[in-house]
Amino acid sequence: MLIGKVKGSVVSTRKCERLVGNKFMIVEVLKQHVQTGGADQIIAIDKIGAGIGDYVLVAQGSAARVGTDMEDAPIDAAIVGIIDDGTGLE
Amino acid sequence: MLIGKVKGSVVSTRKCERLVGNKFMIVEVLKQHVQTGGADQIIAIDKIGAGIGDYVLVAQGSAARVGTDMEDAPIDAAIVGIIDDGTGLE
Amino acid sequence: MLIGKVKGSVVSTRKCERLVGNKFMIVEVLKQHVQTGGADQIIAIDKIGAGIGDYVLVAQGSAARVGTDMEDAPIDAAIVGIIDDGTGLE
Amino acid sequence: MLIGKVKGSVVSTRKCERLVGNKFMIVEVLKQHVQTGGADQIIAIDKIGAGIGDYVLVAQGSAARVGTDMEDAPIDAAIVGIIDDGTGLE
Amino acid sequence: MLIGKVKGSVVSTRKCERLVGNKFMIVEVLKQHVQTGGADQIIAIDKIGAGIGDYVLVAQGSAARVGTDMEDAPIDAAIVGIIDDGTGLE
C-alpha cells in the first residue's frame, strides 16, 4: 500500500454502471511513496469516509476490489484506511 | 485510476478475436498522473463513448476487464468514466 | 495496452513446460509509452504472427493470458494486435 | 519480490474491516530494488513478525494476499520472509 | 517478461510456509528492461535451475504463480526460461 493525502475529488456522470454511487478522490501520493519522478496523484475510490487533508492508505491493483465488496467494479485503487496521526510522515 | 485526455485512436485489423469490435483510444495521461519521466500515453479500450478532447478516468490491470463485461479479452486499460469538468485539472 | 515495434526474438530451450511452442518477441516500446527513463524493451509472446518492424499492441499483466487461450502459462506480456498504419506514431 | 528494511509502522484505526488485526509496516526499499528515482517506501502487511531493522522480502500485487491466508483483504504488499543475513545487501 | 542475469541468491529461514523449499535468486535486470532510472534488481523464484551468470526470462505478477505450479504461494516474480545465447543482449 502507499500513503497519500486526500486533496479533493472529481465528478464523472457518464461512467461504467458498476461505478455508480462511488466517490473518486484525488489522492496526492507522499513523496517517499511516489513511484516516479513525475507521478504524484492517483484517483482512488473511498469506502472509509476520508476527508480532504486526511492521510490515507491506498491499496492498488486487484486489492482495491477485494475486501471492499466491489469485486465486479472496474477499480484499481481504493482508500482502505485513514492514518491516525500523519505527523512526521511528510 | 488515472486521469487522461483522449487524443485519438489506432486501428488494428489483425488482432486477437476477443478484441474485435473495440476501439483503441490513445489517452494522453495528465502530467500529475504520469508514472514516469517519459511515459505519457496509454492505449485504452473505450466502453463509455469518449470523444477526442474528453478528460477520462482510466482503470488499469485486471480492473479494465472486470465490470466492463470483457472478462475474457486481453485488455489491461479501459476508459471507465468521463470527467464532467476538466477545468483546472491540467 | 502499449504500442511497440517488433525488433527480434530470443530463444529459450530450457523453460517452463507451459511455455513450449511460444515465440518470445523483443518489443521496443514507443517513446511515449515507455514507463521510465530507461526501460525500452519488453519480451512478449506473439499469438498474432507479427513480423520484425511491425507496430504492435502489447497487453500486460493477467491480460496477457486472458483471451489468448494461455491462462495456465507464466506469461505477463502478449502481442494482441498489429497496428495497421504506424505512420506518425513515432 | 523486492528487498527492503523495516523502518517502523503506521496506525490506522478507521480502516476496512478485513484489515483489522494487521500491522502496517513501513518498509524502506533497498536502493537497487527501488522502482523509480523517487519512491523509497512501501507499506506492507507483516505476517512473519519482522522487527525494525530487519531486511525483508516483500511480495507485491495479488501475491501479497495469496499464500498469506488473506485472500479477501485489500492488501497489495506483504512481508513474506526475513533475510537471514543482510550484510552486503546495501 | 523481462530479461535479467542471475547474480546470486538470498537466504530466508523465517518465511511464509508456502515458500519453503524455494530458492530466491537475485536477478540483475538488463539495462533495456529496467523499469526505472534506479531499479536494477529483482528477487525471483527459480523453477528452471538457473545458475549464476545465466541470462533468464522473468515473469512478473500473477504470471509468476500461474504455470509454475505455485498458485498458492506469495510470489510475484519467477524465472520461467533460460536464454540460450545472451550474446549481444547487453
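Chain A of this predicted model contains zero helices and six strands. Read from the N terminus, its elements follow the order β-β-β-β-β-β. The C-alpha atoms of chain A occupy a box of roughly 40 × 25 × 20 Å along the principal axes. A compact globule of 90 residues would have a radius of gyration near 12 Å, and the 13 Å of chain A therefore agrees with that expectation.

Chain A meets chain D through 26 residues of its own and 28 residues of chain D. Together the two chains bury about 2100 Å², of which 54% lies on carbon and sulfur atoms. On the side of chain A, the residues that lose the most area to chain D are Met1(A), Gln32(A) and Asp84(A), which together account for 28% of what that side buries.

The polar part of this interface includes one salt bridge. Its partners are Asp69(A) and Arg18(D), whose closest N and O atoms are 3.1 Å apart. In addition, eleven residue pairs are in polar contact across the interface of chain A and chain D, both residues being at pLDDT 80 or more. The elements of chain A that give two or more residues to this contact are strand E5 (55-60) and strand E6 (77-82). Of the side that touches chain D, E5(A) provides the largest share, four residues. By residue class, that side of chain A comprises 13 nonpolar, ten polar and three charged residues. Strand pairing also links the two chains: E6(A) and strand E2 (residues 14-15) of chain D are antiparallel and joined over two bridges. Within this pairing, Gly81(A) stands opposite Lys15(D).

The contact between chain C and chain E may be followed in the same order. Here 28 residues of chain C touch 26 residues of chain E. The area buried between them is about 2200 Å², with 54% on carbon and sulfur atoms. Arg14(C), Pro74(C) and Asp76(C) supply 26% of the area that chain C buries against chain E, more than any other three residues.

One salt bridge is counted between chain C and chain E. It joins the side chains of Arg18(C) and Asp69(E) at 3.1 Å, N to O. Eleven residue pairs, both members at pLDDT 80 or more, are in polar contact across this interface. Strand E2 (14-15) and strand E4 (41-46) are the elements of chain C that each give two or more residues to the side touching chain E, and E4(C) contributes the largest share, four residues. This side of chain C divides into 13 nonpolar, seven polar and eight charged residues. E2(C) pairs with strand E6 (residues 77-82) of chain E in the antiparallel sense over two bridges, and Arg14(C) has Ile82(E) as its bridge partner.

How values were computed. Residues are numbered from 1 along each chain as its sequence is written. Chains are lettered from A and ligands numbered from 1 in the order in which they are written. This is a predicted model: local features need pLDDT of at least 70, side-chain atom pairs count only at pLDDT 80 or more; totals for chains, interfaces and linings use all residues. Side-chain values use heavy atoms; hydrogens and water are left out. Contact means heavy atoms within 4.5 Å. Buried area is the accessible area (1.4 Å probe) that two parts lose on being put together, summed over both. A salt bridge is a side-chain nitrogen of Lys or Arg within 4 Å of a carboxyl oxygen of Asp or Glu. A polar contact is a pair of N or O atoms within 3.5 Å; within protein, one must be able to donate a hydrogen and the other to accept it, and residues adjacent in sequence count only if both atoms are side-chain atoms. Ala, Val, Leu, Ile, Met, Phe, Trp, Tyr, Cys and Pro count as nonpolar, Asp, Glu, Lys and Arg as charged, and the others, Gly among them, as polar. Two strands pair if DSSP finds at least two bridges between them. The radius of gyration is taken over C-alpha atoms; the globule rule is 2.2 Å times the number of residues to the power 0.38.
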